[in-house]
Amino acid sequence: MHLGDLISAYLDSQVDASERTLVEAHLAGCEECRSELAAATVGRKRVRELPLLEPPPGALRPPADVVPLRSARRRSLVAAAAMATLVVGVGFSVSAERAVPLRLDAVVDQHVARASVDPGLNVLQVQAVVNR
Amino acid sequence: MIFALTLTLMTLLGTLPAPDLVDDLDDAADAEFIGRQLVVCWGADGVVAHVTDIEQSGGMTMVTGPDGSFVIGEGKMIEQWAGGVRYLEMAPSSDWRLWDGYRVQEGLAGVADPAGSRAIEIRQGEALRARFVLDGATATPLTTEIYNGQGSLYRYSTMLEVGPRQGDTMLDMDDMPEPDHRDHAVAEEVPQAAGHYWAADSYSAPGGVQVFFTDGLFRFSIFEVNRKSDGGGLNDAPAAEIGRHGGYHRLYTPGAVSVFWRTADRAYVLVGDLPPDHLESVLSDLPPPGRTNVLKRAWRWAFG
């Protein structure tokens with residue numbers, strides 16, 4: 001007996017605690033189901049990695065019936081915005097260290113590069129780099 | 001040469017593992033093979049698995065998976081894709097040794113070795129921690145089992161296919177660009193020991209410092225970075241309570257666990273292959289998640 005549809009449910013966290021225990025116990029001893037699980041996981045990951053499509057130009061045009069602000073109120077808002085920009089600008093200029101963007105794949109790469117120096121059983125050490 | 005040196009050092013330190021393990025490590029590093037490997041990990045958020053193609057030659061290992069191909073070994077990490085090559089190289093590192101809390105023994109208790117292979121068990125106290133089934137000729141690990149502290153399986157990997165490798169070297173290093181070199185550096189807040197792991201080396205890293213910890217069997221790195229970092233997107237990973245603290249974000253992949261958290265002053269990313277009970281023990285010795293006070297938060301909200 002194999003897991004069949006339970007593999008999909010398991011990946012979607014749609015199984016209860018007893019089913020989860022059953023699935024995990026079966027996976028530990030069934031190479032065929034482990035392969036199927038691995039294939040399903042890879043397939044889902046690839047779907048998740050599909051690029052997001054940009055909407056065509058004009059599709060997100062604002063509604064035509066937006067009421068414009070009255071000019072006096074607009075002038076006040078512009079003045080307030082200018083003041084806020086000035087304050088924020090000063091704040092940025094005195095703010096301390098800035099964050100350098102961190103990439104998880106770069107972090108994993110660097111960890112695995114160091115781990116690869118240790119002797120033997122390299123196959124175990126390099127697995128972290130996949131599915132970063 | 002390296003192993004002779006390591007063996008001498010371990011003897012002096014009195015932490016000599018079983019001689020067969022040293023031989024096995026040596027043989028496994030030199031083995032040349034191609035294979036396909038399945039890795040399954042039972043993380044706290046569910047099971048994750050992948051299948052990868054592996055090619056090992058000359059001390060370097062090429063892993064091909066859904067994210068592309070990588071060549072790793074001897075402190076180098078080379079990633080090739082259509083747009084070019086990324087080449088990372090680490091500064092020289094300390095010698096390897098096995099934590100003396102592990103006990104290495106030949107064979108699986110009560111089970112005969114499978115034909116053409118040998119088995120090794122590693123126990124932490126009386127608890128089973130790892131099992132390896134190695135190819136009898138090359139010591140290539142055919143199956144590995146890593147157990148958590150409660151005795152249940154945490155990670156399982158097995159070679160679905162394995163065979164001898166033939167042909168030229170995988171990479172022509174003459175064609176490589178200049179490596180992105182990582183020098184030694186000092187972390188400000190990371191201790192030199194966590195759990196039973198010790199900090200082996202520290203390196204510069206993008207936006208911070210990497211501290212590499214090991215116990216000889218498992219290994220992890222702590223990246224200490226600016227508090228404003230998002231941990232490379234890990235702050236979107238599932239929130240987790242680990243040990244006595246919430247405030248962590250944890251992501252399991254088949255080969256590693258990654259954890260991100262912020263303290264009052266800094267942010268940390270942990271990446272490694274350690275089992276869950278070790279992870280909890282390690283995190284309890286590291287700066288815990290925390291918040292800055294109200295005034296600091298208001299300043300950061302206003303000015304970044």
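Visitor: Which elements of chain B are included in what covers the buried residues of α3(B)?
Guide: In this predicted model, local features need pLDDT of at least 70 and side-chain atom pairs count only at pLDDT 80 or more, while totals for chains, interfaces and linings use all residues. Residues are numbered from 1 along each chain as its sequence is written, whereas chains are lettered from A and ligands numbered from 1 in the order in which they are written. Helices (H or I, at least four residues) and strands (E, at least two) are DSSP runs numbered from the N terminus. The cover of the buried residues of α3(B) includes β13 (193–194), β14 (197–205), β17 (239–242) and β19 (256–262).

Visitor: How wide is the arc that places these buried residues on the same side of α3(B)?
Guide: A residue is buried if 20 or more other C-beta atoms lie within 10 Å of its own, exposed if 12 or fewer, and partly exposed in between, with C-beta atoms placed from the backbone. Within helix α3 (residues 276–283) of chain B, the residues B:H278, B:L279, B:V282 and B:L283 are buried. They lie on the same side of α3(B) because they cover an arc around the axis of only 130°. This arc, that of the directions from the helix axis to the C-beta atoms, is therefore 130°.

Visitor: Is B:A44 buried or partly exposed?
Guide: B:A44 sits in the loop between β1 and β2 of chain B. Because 13 other C-beta atoms lie within 10 Å, B:A44 is partly exposed.

Visitor: Which residues does B:A44 touch, not counting residues up to four places away in sequence?
Guide: Two residues are in contact if their C-beta atoms, placed from the backbone, lie within 7 Å. B:E89 is 45 residues from B:A44 in sequence and 33 Å away in space, C-alpha to C-alpha. Beyond four places in sequence, B:A44 touches B:A240 and B:P276.

Visitor: What divides the residues on the side of domain 1 of chain B that touches domain 2 of chain B?
Guide: The domain assignment, automatic or from a database, gives chain B domain 1 (2–175) and domain 2 (183–303). In domain 1 of chain B, 25 residues are in contact with 19 residues of domain 2 of chain B. The largest share of that side of domain 1, four residues, comes from β1(B). With Ala, Val, Leu, Ile, Met, Phe, Trp, Tyr, Cys and Pro as nonpolar, Asp, Glu, Lys and Arg as charged, and the others, Gly among them, as polar, the division is 16 nonpolar, seven polar and two charged.

Visitor: Which residues have the most contacts inside the largest nonpolar core?
Guide: A nonpolar core is a set of buried Ala, Val, Leu, Ile, Met, Phe, Trp, Tyr and Cys residues joined through C-beta atoms within 7 Å. The largest one has 91 residues, and those with the most contacts inside it are B:V47 and B:V269.

Visitor: Which residues of chain A are among those that B:V47 touches?
Guide: Leaving out residues up to four places away in sequence, B:V47 touches B:V40, B:C41 and B:W42, among others. Its contacts also include A:Y10, A:E24, A:L27 and A:L37.

Visitor: What share of the 304 residues in chain B is buried?
Guide: The secondary structure of chain B comprises four helices and 20 strands, while chain A has six helices and zero strands. Of the 132 residues of chain A, 28% count as buried. For chain B, the buried share is 41%.
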